Amino acid sequence: MDRNTFTGLFLILLILVGSTFLLKPSQEQVKKEQLHQDSLKAIKEGKIKAPTANASFTPQKSATADSAAIKGAGNKAAAPQLVTLENKELKVTLSTQGGRIVSVQLKNEKTFDKKPLILFSPEQSKFGLTLTSAGKQVQTNDLIFTPSAPSLTVTGKDSSSLTMHLAYAANQSIDYVYTLKGDGYKVGYNLVLNNMNGVVNAQNNQLTLNWAASLHKQERDMKMERTYSTVYLEDTEGNVNDLSLTKDEEKNFADKKIQWVSFKQRFFSNVLIAKDGFTSADVSVATDVNSNDVKQMSAKMQLPFSGANTATYPMEFYFGPNQFDLLKAQGYHLERQIDLGWGPLKYINRFAVLPVFDFLKNFNWNYGLIILVLTILLKVVLFPLTYKSYLSMAKMRVLKPEMDEIKGKVGEDNPTLLQQEYMKLYKKAGVNPLGGCLPLVIQMPIILAFFRFFPNLFELRGQSFLWMHDLSTYDSVINFPMIPFLNWDHISLMCLLMTISTLIQTYFNNQTSGATGQMKYIGYITPLIFFGVLNSYPAGLNYYYFCANILTFSQQYFIRLMVDDKKIHAQIQENKKKPEDPNKKKSGFTAKMEEMMRQQRQTPAIQTKKK
């Protein structure tokens, strides 16, 4: 092993060790995790009872709050009752306490362990107005409402409404009007204040609407689900903002009116849309490591209150999947909360990958087959780049004996002169040394685009293919206790196959390009690093990379049958015999390399004159 190879491997080792140290969990995180594990152990042993709710969301007492300022027949202390709204897709549960939605079940979906999919529960949610009356603060979340019907079931093309009524006097009240259609994921919500202008004191002519929920775990991998869950919101000018995905955060948005606020999970969203907009919103997201829920989200929104006799605020909820076309059909740009990547990646996924994927869905094939066909189409489109890359590597391989001869004559002690001689050879032979790299660089945005596309693809959720039971999560073939620092507790079979195929492809690429030294070893180390990163990513993503590797290898095999090294060598020799055209414009790379070498030759001469 020469000095350069050793230096390269040593630097890679430093990067790996350094990244392990930097990614090491803090002492506080270790203590929290230990506390969580101790609590689970105590629950299993029966030493303590399992908590029924997140500590951040304590259950409300039924109508025991001091509501003397807003008091009527509908606010007498009574046990809260549940009212059900139901259509083809949703089962929405309301409570007379607060008149609010306390639970939502998506009837056509299941959790990863095949249980009913409930977005949130009564104990982990709040919703209601914060009012000031007679100098006292009142939370409507604490008060008892009267429903207009015990339940509501809507089918077909029908639409119906149910009102939760909070009376103050004969002609003074607060009404929550819920509207449901026979199908769909929307629940209409109209907030109506009837003649409450002399009762409610609105600070700064604003009403405060509070919403909070601790969202239940729906997917197999809690870490992955938390990675893609946070609060999103859009202002009335169409600008979408979001809170941090990785840390607790609070933000105030008061510059522009807010159109909607979304408590988004990886594959499902809870969205509150204000048709006339909220004046402002204070939103927050937090992760409780001791909770079995994904994240805790809250929003405090301001509504304008002019003091009119009747104030109506038309709103609607969306409780449903994060499927791009479905969200887009709801209006208000709800689809923008799906992360398709940044910069060019977003446009590649939005205007190239997604339309092709939607077209293939129309054939009703298995999604594993759709991914395969999508990969084949992509490789066909990129075939000219693949061919050009292979041809360039083949030329460099043919030139290698002459390059070795030059290296033997010049030696390694004068790298500037060596590169200068190499450049002369490239120029005479008509070979671009970067010709094999540029096509690969052009393909990188597409590879990265798929890295953001598949983890957010709702269609893969619960879809099986071959041994993979769910293409939206990892396919563990071996499970074991968590390995510290690496955070591994399984081996994904598809990720393993993808890594092996990448190593095989790297071997044949090295044979084609004639790579030597540290570059040869880096090619083998990179797939191993990717294995560590992609081991917990969706099987659908690793399956795509595996298919891409196999198809690339197949293309290179057939290209190799088509390309004759002897003909390439003969063409290079013909190029070397051609007289140099003085009017031929140099490529940017050649001109830059020659300028760099000229400056390097001048530097020693300048230093000698100074001496």
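Around the largest cavity of this structure, the lining residues divide into 8 nonpolar, 3 polar and 4 charged. The model is predicted, and the tour below visits its internal spaces in turn.

**Starting point: the whole structure.** Display the entire model before selecting anything. A search of it finds 3 cavities of 30 Å³ or more. Two of them are visited here.

**Stop one: the largest cavity.** Select Phe324, Leu354, Asn456, Leu457 and Glu459, which lie nearest the centre of this cavity. They belong to a lining of 15 residues. The space that they help to enclose amounts to about 100 Å³.

Next, colour the helices α4 (324-329) and α5 (344-361), each of which supplies at least two residues of this lining. Which helix provides the largest share of the lining? It is α5, with 4 residues.

**Stop two: the second largest cavity.** Move now to a space of about 70 Å³. Select Ile101, Phe120, Ser125, Lys126, Phe127, Trp211, Ala212, Phe317 and Phe319, the residues that line the second largest cavity. By class, this lining comprises 7 nonpolar residues, 1 polar and 1 charged.

Then show the strands β5 (125-133), β12 (206-214) and β20 (310-321); at least two lining residues come from each of them. Which element gives the most to this lining? Strand β5 does, with 3 residues.

**Closing view.** Display both selections together. Helices α4 and α5 mark the largest cavity, while strands β5, β12 and β20 mark the second largest.

Methods
Residues numbered from 1 in each chain as written. Predicted model: local features only at pLDDT ≥ 70, side-chain atom pairs only at ≥ 80, totals over all residues. Heavy atoms only, no water. 1 Å grid on protein atoms, 1.4 Å probe; cavity = no way out; pocket = protein on both sides within 12 Å on 5 of 7 lines; lining within 4 Å. Points joined across faces, edges and corners; volume = space filled by probe spheres on them. Nonpolar A, V, L, I, M, F, W, Y, C, P; charged D, E, K, R; others polar.
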